[in-house]
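Me: I have a structure to go through with you. Can we start at the ligand and then turn to the fold?

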Amino acid sequence: MTNGKSVMTELVLPNDTNIIGNLLGGRLLHWIDISGALAATRYANGLVATLTMDTVEFTRPIKMGSIVTLISYVTWTGNTSMEAAVEVYAENPGVSDKVFVTKVYLVFVGIDGEGKKRRVPAFTPQSAQETQEFEDAAQRKSARFALRKEFPAQ
Ligand SMILES: CC(C)(COP(=O)(O)OP(=O)(O)OC[C@H]1O[C@@H](n2cnc3c(N)ncnc32)[C@H](O)[C@@H]1OP(=O)(O)O)[C@@H](O)C(=O)NCCC(=O)NCCS
């Protein structure tokens with residue numbers, strides 16, 4: 001079983017930017033969601049729903065005209081839920097080389113055509129890096145549940 005790795009590439013156009021020509025945070029969040037969903041869908045061989053996205057830090061602006069690459073892959077699975085990582089890189093051809101922008105973890109749930117949860121295949125890490133992320137996922141999961149307790153769904 002592979003980790004569903006997906007690569008998505010976007011060009012930052014005027015409609016994606018704020019008034020000083022930097023990529024809108026909301027647009028990047030949308031791309032991160034789609035990118036994570038690509039890996040989760042591939043991995044789970046079917047429909048998925050986004051359950052949660054961890055905190056995202058925008059540590060550097062991405063200028064209009066940049067090419068944004070989003071690399072996503074599944075890092076952990078439970079019964080119906082999966083964690084996916086999304087790495088974001090940006091390059092501005094002729095202006096700046098490709099740089100790392102941010103890395104985000106999201107949780108997706110496998111669903112059927114009626115939106116009901118379904119089991120997903122168990123993930124077995126293959127490399128040292130996959131094993132590390134898989135083990136660290138327990139801590140990220142605890143942090144999400146702590147937050148859920150603090151702000152319960154209504
Ligand atoms: C996704 C959905 C079907 C899950 O149904 P649910 O009854 O709420 O799910 P549960 O509480 O039983 O949790 C399902 C899984 O998610 C996990 N989970 C729930 N809350 C979590 C959280 N805050 N962080 C991490 N995992 C979480 C549970 O542990 C469970 O995992 P497991 O089956 O691997 O053990 C339902 O919440 C839904 O339809 N949400 C809307 C999805 C959507 O529309 N997303 C787009 C953005 S609006």
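Me: In this predicted model, how far does a polar side-chain atom of K117 lie from an oxygen atom of the ligand?
Reply: K117 is among the closest residues around the ligand. Its contact is made by a polar side-chain atom, and the partner is an oxygen atom of the ligand. The distance is 2.6 Å.

Me: How much of the ligand's accessible area does the protein cover?
Reply: On its own, the ligand has 970 Å² of accessible area. The share covered by the protein is 58%.

Me: Which element gives the largest share of the shell around the ligand?
Reply: Two elements give two or more residues each: β2 (48-53) and α2 (128-150). The largest share is four residues. They come from β2.

Me: Which ligand atom lies 2.9 Å from a backbone N or O atom of T50?
Reply: Start with N79 for reference. A backbone N or O atom of N79 lies 2.6 Å from an oxygen atom of the ligand. For T50, also a backbone N or O atom, the partner at 2.9 Å is a nitrogen atom.

Me: By class, how many residues of the shell are polar?
Reply: The ligand is surrounded by 14 residues. Four of the shell are nonpolar and three are charged. The polar count is seven.

Me: Now the sheet. Which are the edge strands?
Reply: Five strands form an open, antiparallel sheet. Their order is β1-β3-β4-β5-β2. An edge strand here pairs on one side only. That picks out β1 (6-11) and β2.

Me: What is the average twist from one strand to the next?
Reply: The sheet is the open one, with antiparallel pairing. From strand to strand, the twist averages 30 degrees.

Me: Which residue is the bridge partner of A49 in β5?
Reply: β2 and β5 (residues 96-110) run antiparallel, joined by five bridges. V48 stands opposite G110 in β5. The bridge partner of A49 is V109.

Me: Which residue in β5 does S81 stand opposite?
Reply: S81 is one of the closest residues to the ligand. β4 and β5 pair antiparallel over eleven bridges. Opposite S81 in β5 stands V109.

Me: Which residue in the turn between β4 and β5 has a positive phi?
Reply: The two strands form a hairpin, with three residues between them. The phi in question is about 85 degrees. The residue is G94.

Me: At about what angle does α2 run to β3?
Reply: Take α1 (residues 25-44) first. It packs on the sheet, and its direction makes about 45 degrees with that of β3. α2 lies across β2, β3, β4 and β5. Its angle to β3 is about 80 degrees.

How values were computed
Residues numbered from 1 in each chain as written. Predicted model: local features only at pLDDT ≥ 70, side-chain atom pairs only at ≥ 80, totals over all residues. Heavy atoms only, no water. Near = heavy atom within 4 Å. Polar contact = N/O pair within 3.5 Å; in protein donor to acceptor, adjacent residues only side chain to side chain. Areas by Shrake-Rupley, 256 points an atom, 1.4 Å probe, with all protein chains shown as cover. Nonpolar A, V, L, I, M, F, W, Y, C, P; charged D, E, K, R; others polar. Pairing = 2+ DSSP bridges. Axes fitted to C-alpha atoms, helices over the stretch in contact; angles between N-to-C directions. Contact = heavy atoms within 4.5 Å.
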